[in-house]
Amino acid sequence: MDDDEKGKQFLKLIDDQNNYQWSIVAKLSALIDSKWNSVELKTELESLVEKHFKITKELNSLDVDSSTL
C-alpha cells in the first residue's frame with residue numbers, strides 16, 4: 001500500500017473509530033438509564049466495543065514499519 005492509500009485508509013479508519021466511540025457513549029448512557037437491566041443494550045454495546053477494538057488494531061497495524069502517514 002503506497003503512502004497515499006495508507007493516508008486515505010487511516011482517515012477512513014479514524015472517522016469510523018470516532019463514529020463507534022459516539023455510538024458506544026450513547027449506548028452506555030442508555031444502559032445506565034435502564035439501571036443496567038437491558039440485555040439488548042449490553043449486547044449492542046459489546047458489539048460496538050469489539051468493532052472499535054478491531055478498527056484500533058487496524059490503525060495500529062498501518063504504522064507497523066514506523067512509516068509516516
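This report walks through the helix packing, the salt bridges and the nonpolar core of a predicted model.

## How the two helices pack

Let's start with the helix pair. Helix α1 spans residues 3-33 and helix α2 spans residues 39-62; the two pack with their axes 9 Å apart, at an angle of about 155°. Angles over 145 degrees count as roughly antiparallel, so α1 is roughly antiparallel to α2. The crossing of α1 and α2 is left-handed.

What kinds of residues make up this contact? By class, the contact of α1 with α2 has 15 nonpolar residues, alongside 6 polar and 7 charged ones.

## Salt bridges along helix α1

The structure holds 3 salt bridges, and it is handy to take them one at a time. One of them joins Lys8 to Asp4, with the closest N and O atoms 3.4 Å apart. Lys8 and Asp4 are 4 residues apart in helix α1, so about one helical turn separates them. As for its surroundings, Lys8 counts as exposed, at 56% relative accessibility.

Further along, Asp16 pairs with Lys12 in a salt bridge whose closest N and O atoms are 2.6 Å apart. Here too the partners sit in helix α1, 4 residues apart, which means that about one helical turn lies between Asp16 and Lys12. Lys12 has a relative accessibility of 46% and counts as partly exposed.

## A salt bridge between the helices

Which residue forms a salt bridge with Lys27? The partner is Glu44, and the closest N and O atoms of this pair are 2.5 Å apart. Because Lys27 lies in helix α1 and Glu44 in helix α2, the pair ties together parts that are 17 residues apart in sequence.

Both ends of this bridge can be placed on the accessibility scale. Lys27 is partly exposed, its relative accessible area being 27%. Glu44 is partly exposed as well, at 25% relative accessibility.

## The nonpolar core

In soluble globular proteins, nonpolar side chains tend to be buried together. In this model, the largest nonpolar core has 5 residues, namely Ile24, Leu31, Leu41, Leu45 and Leu48. Helices α1 and α2 are the elements that give two or more residues to this core. Which element gives the largest share? That is α2, with 3 residues.

## Putting it together

Helices α1 and α2 are linked in the model in more than one way. Their axes lie 9 Å apart, Lys27 and Glu44 form a salt bridge that ties α1 to α2, and both helices contribute to the largest nonpolar core.

Technical notes:
Residues numbered from 1 in each chain as written. Predicted model: local features only at pLDDT ≥ 70, side-chain atom pairs only at ≥ 80, totals over all residues. Heavy atoms only, no water. Axes fitted to C-alpha atoms, helices over the stretch in contact; angles between N-to-C directions. Parallel < 35°, antiparallel > 145°, perpendicular 65-115°, else oblique. Left-handed = near helix turned anticlockwise from the far one by under 90°. Nonpolar A, V, L, I, M, F, W, Y, C, P; charged D, E, K, R; others polar. Salt bridge = Lys/Arg side-chain N within 4 Å of Asp/Glu carboxyl O. Buried < 20%, exposed > 50% of the residue type's maximum accessible area, 1.4 Å probe, protein only. Core = buried A, V, L, I, M, F, W, Y, C linked by side-chain atoms within 4.5 Å.
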